Amino acid sequence: MASIAEYYAGKSVLITGATGFMGKVLVEKLLRCCPGVSTVYVLVRPKAGQSMQQRVNDMMKCKLFDRVREDNPDFHKKVVPVSSELTQPGLAISPQDITKLAACVNVVFHCAATIRFDEPLKHALQLNVIATQQLLSLAKQMQNLEAFVHISTAYANCNRRHIDEVIYPPPVEPKKLIDSLEWMDDGMVREITPRLIGERPNTYTYTKALAECVVQQESDKLSVAIIRPSIVGASWQEPFPGWIDNFNGPSGVFIAAGKGILRTMRASNDAVADLIPVDVVINLTLAAGWYTAVHRPKSALVYNCTTGGINPFHWGEIEHHVMSTFKRNPLEQAFRRPNANITSNYLINQYWILVSHKFPALLYDLYLRLSGQKPQMMRIFNRLHKAIGLLEYFSSQDWEWNSDNVSMLMAQLSPEDRKMFNFDVRQLNWPEYIENYCIGTKKYVLNEDMSDIPAARQHLRKLRNIRYTFNTLLLIFIWRVFIARSQMARNIWYFVVSLCFKFLSYFKASSTLTN
């Protein structure tokens, strides 16, 4: 049986969502580890002021492609952009491009989707369901197609606690929903959305469940695989540890904590944080494409790409490692020293939001106003609270995912392929991964230089001294205003202080006796 790299040699591949986070990593891995691949077609939407070729060129200039560039400086010649728009009929692909793709594409990787949790239902349906439907129609015209790999999400069926590697019945028949929403205006759709999505937390998970159903319905003549990653994070090993290029998901939370902006987050310390490194997802995706093409399974195989059931790590542990990493490798110009806490208690969380988020934001905005600058901190905190609120559902509970198909696929690989396309998360060292993830946000998202860490540490010491000074002045103020003017307050104060002295004396005496 051919190895994965040997299989992709001479093949033409079509990738949607290639300019997104996962799509970039997929393109890079394919070009680097399958150098014999013939052509990589990427569907790209032209943006205002940028042609599709410029967008692809900009993508390939980023650091992610450095290793490919070293091996093959002309790698970009294999990447062919195809003009497309997911919101348009037929994906807005020209007849000439359709003819070309139908004649030569061997494997399709469908990564494109909207990942916004609060996307309006109509738009999410268009991008995640109807676009998938239209891509499947195009795939059926491809004369040499051997595999169609659809990227879904492990949370498509998050209304269940135990999730097997099967396609579950949809919450509603996709075609009926599409036809029903077609004549409704945005206001009507907005009103009925909560009732439609039911137990699911957002339109993203709802429409991804519908997309899986569409793949199943439309794949009668296609060899199909569905990949279900959980919360996709920075790279683990490839092309280098900690690569990340966006603020989505945990990345934005880590940065906010490292900047000292985030001080509290509502989550369960004991809940499993089902992060999955992006390179693990991509390795599994390429292996699944190979297996689907070579073995031609009779029905669509689903792969739950998760870590919780195999190598669990908890939100409380993540909090500890994120804080310790950013104290050793601080971000530049931090607002406060990193010191975030996770709590599952709603009232405690609201108290710390008021004391540690809103009150400092108001003071800082007042300072900005007085100094003639535009206030911005309260706006930043409001955006942060909205983002964290969208994550609460996933950070406060656990799921159980079956991963038999993933284990089966791993067993099918040769020792060389297991090493080159490694998706065995049992080998993942979480503390090391979280440290690399945090440093990755510093280097690749914020574009901060590691050589500036001494200055960043000096800034943290300055913030610490400011905090100590503020606390001292606050204590003096409270003393002068409240305690010094009231005999009862003074008596309470002296009682508390005497208790502290007694406790310290007892502790000292106990230590002496023990020694």
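# Notebook: domains, cavities and a few odd residues

I began with the record: an unreviewed UniProt entry carries the annotation "domain: Thioester reductase (TE)" over residues 15-284. I am working from a predicted model, so I keep to what can be computed from its atoms. For residues 15-284 I get 41% helix and 14% strand, and the C-alpha atoms at the two ends of the span are 15 Å apart.

The unreviewed entry in UniProt also lists "domain: Fatty acyl-CoA reductase C-terminal", at residues 357-448. Here I find 70% helix and 2% strand, with the end C-alpha atoms 25 Å apart.

**Overall picture**

I counted elements next and came to 19 helices and 13 strands. The C-alpha trace spans about 90 × 55 × 50 Å along its principal axes. Of the 515 residues, 51% count as buried.

**Enclosed space**

A probe the size of a water molecule, rolled over the atoms, shows where empty space is left. My search of the whole structure turned up 3 cavities of 30 Å³ or more. The largest cavity has a volume of about 210 Å³. Its lining is made of 19 residues, and those closest to the centre are V253, F254, M265, W315 and I342.

Which elements each supply at least two residues of that lining? I noted α10 (250-258), α12 (315-328), β12 (341-343) and α14 (377-395). The largest share is from α12, with 5 residues. By class, the lining of the largest cavity divides into 15 nonpolar, 3 polar and 1 charged.

**An open pocket**

I then turned to the second largest pocket, which holds about 970 Å³ of space. It has 25 lining residues, and R263, R336, P360, R467 and F470 lie nearest its centre. Two or more residues of this lining come from each of β12, α13 (346-370) and α18 (453-483). I make α13 the source of the largest share, 9 residues. The classes here are 14 nonpolar, 6 polar and 5 charged. A note to self: β12 is on the list for the largest cavity, and β12 is also on the list for this pocket.

**Helix α17**

How far apart are the end C-alpha atoms of α17, and what span should its residues give? The helix covers residues 430-445, and at 1.5 Å a residue its 16 residues should span 22 Å. I get 21 Å between the end C-alpha atoms, which agrees.

At the start of α17, I see a side-chain oxygen of N429 within 3.1 Å of the backbone nitrogen of E432. After the helix comes N447, with a positive phi near 55°. I also checked burial along α17: the buried residues are W430, Y433, I434, Y437, C438, I439, G440, T441, K442, Y444 and V445.

**Two buried residues**

R228 sits in strand β7 (residues 224-229). Buried or exposed, I wondered of R228? Its relative accessible area is 0%, and the cut-off for buried is under 20%, so R228 counts as buried. I looked for a partner and found the side chain of E212, in polar contact with the side chain of R228 at 2.8 Å.

H357 belongs to helix α13. Its relative accessible area is also 0%, so H357 is buried. I paired H357 with H385: the two are 28 residues apart in sequence, and their C-alpha atoms are 9.5 Å apart in space.

**Backbone oddities**

Where is there a cis peptide bond? I found one joining E238 and P239, with omega about -10°. P239 lies in the loop between β8 (231-233) and α10, and α10 is one of the elements that line the largest cavity.

I also listed two residues other than glycine with positive phi. For L91, phi is near 60°. L91 is in the loop between β3 (79-83) and α5 (95-104). At 2% relative accessible area, L91 is buried.

For R296, phi is near 50°. I place R296 in the loop between α11 (278-295) and β11 (301-305). Its relative accessible area is 43%, so R296 is partly exposed. That gives me two loop residues to keep side by side: L91 is buried, whereas R296 is partly exposed.

Notes: Residues are numbered from 1 along each chain as its sequence is written. This is a predicted model: local features need pLDDT of at least 70, side-chain atom pairs count only at pLDDT 80 or more; totals for chains, interfaces and linings use all residues. Side-chain values use heavy atoms; hydrogens and water are left out. UniProt positions are given in the numbering used here, feature names are shortened, and annotations may be inferred rather than shown by experiment. Helices (H or I, at least four residues) and strands (E, at least two) are DSSP runs, numbered from the N terminus. On a 1 Å grid over the protein atoms alone, a cavity is a set of points where a 1.4 Å probe fits but cannot get out, and a pocket is an open set with protein on both sides within 12 Å along at least five of seven lines; lining residues have an atom within 4 Å of a point. Grid points are joined across faces, edges and corners, and a volume is the space filled by probe spheres set on the points. Ala, Val, Leu, Ile, Met, Phe, Trp, Tyr, Cys and Pro count as nonpolar, Asp, Glu, Lys and Arg as charged, and the others, Gly among them, as polar. The expected span of a helix is 1.5 Å times one less than its number of residues. Buried means under 20% relative accessible area, exposed over 50%, partly exposed in between (1.4 Å probe, protein chains only). A polar contact is a pair of N or O atoms within 3.5 Å; within protein, one must be able to donate a hydrogen and the other to accept it, and residues adjacent in sequence count only if both atoms are side-chain atoms.
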